[in-house]
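User: I am new to this structure and would be grateful for a close look at the backbone of its loops, together with the nonpolar core.

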Amino acid sequence: MHTGRVEDSVDRHIARWRDKSSFDERTEAIVSRLKTLTRHNVLAKERALAEVGLQNFEFDTLHRLAARGRPWRATPSELSAELMLSPAGTTGRLDALEGAGLVRRLRSAEDRRRVDVELTELGHSRWAAAMRVWGVAEGDMVAPLDAAEQDVLIGLLRRMLLHVEGGGPGKGGGPEKASGPEKASGPEKGR
């Protein structure tokens, strides 16, 4: 029976697993589409970074600095905490970025023991270019939805996120209670 609906990759994935494993098709359809859209977004980010000549680790560090506003400055320990890196890992990352002219290290005038990391104009320019390219790709991803549909989707996703973060009705499962991929069964395991 033809329903007139166009199938996507998740519809085909669910059809492959139907009658082979017990699973809730609605849940699988939602979660698999979220994961597939996330993969598309990651690929769009990778293309944007390649277009402007940045690697992911460079972008992530520049992004943390740019988010602070002018003068786009943080201490290495602040960056370590935000990027969840060891001090040695942060030092290596900053060495590479400084060598490329994307950041500079400055001694504090008030406390010579303190070093700040500052985004250079070149670093900010490259970060902004990546954000523009990635933003176009993200805009294209949501373009099939009109503004009202986007608002509905935002609300639904917010409810789901609040639930898993433990802040919504029923206080959710929280990330620490969620099962990881190693516990997956049924169709999810095979993807």
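Analyst: Methionine 84 counts as exposed, at 75% relative accessibility (exposed means over 50% relative accessible area, buried under 20%, partly exposed in between, with a 1.4 Å probe and protein chains only). The model is predicted, with local features requiring pLDDT of at least 70 and side-chain atom pairs pLDDT 80 or more, while totals for chains, interfaces and linings use all residues. Residues are numbered from 1 along each chain as its sequence is written, and side-chain values use heavy atoms, without hydrogens or water.

Methionine 84 occupies the loop between α4 and α5 (helices are DSSP runs of H or I with at least four residues, strands runs of E with at least two, numbered from the N terminus). Although not a glycine, methionine 84 has a positive phi of about 55°. Most residues other than glycine have a negative phi, and most peptide bonds are trans. Aspartate 19, also not a glycine, has a positive phi of about 70°. This aspartate 19 sits in the loop between α1 (9–17) and α2 and is exposed, at 77% relative accessibility. In the loop between α3 and β1 (73–74) lies proline 71; the peptide bond leading to proline 71 from arginine 70 is cis, with omega near 10°.

The largest nonpolar core (buried Ala, Val, Leu, Ile, Met, Phe, Trp, Tyr and Cys joined through side-chain atoms within 4.5 Å) comprises 24 residues, and Val103 is among those with the most contacts inside it. α4 and α5 are among the elements that each supply at least two residues of this core, while α6 provides the largest share, 5 residues. Leaving aside residues up to four places away in sequence, valine 103 touches residues including Leu62, Leu65, Leu94 and Leu119 (contact means heavy atoms within 4.5 Å).
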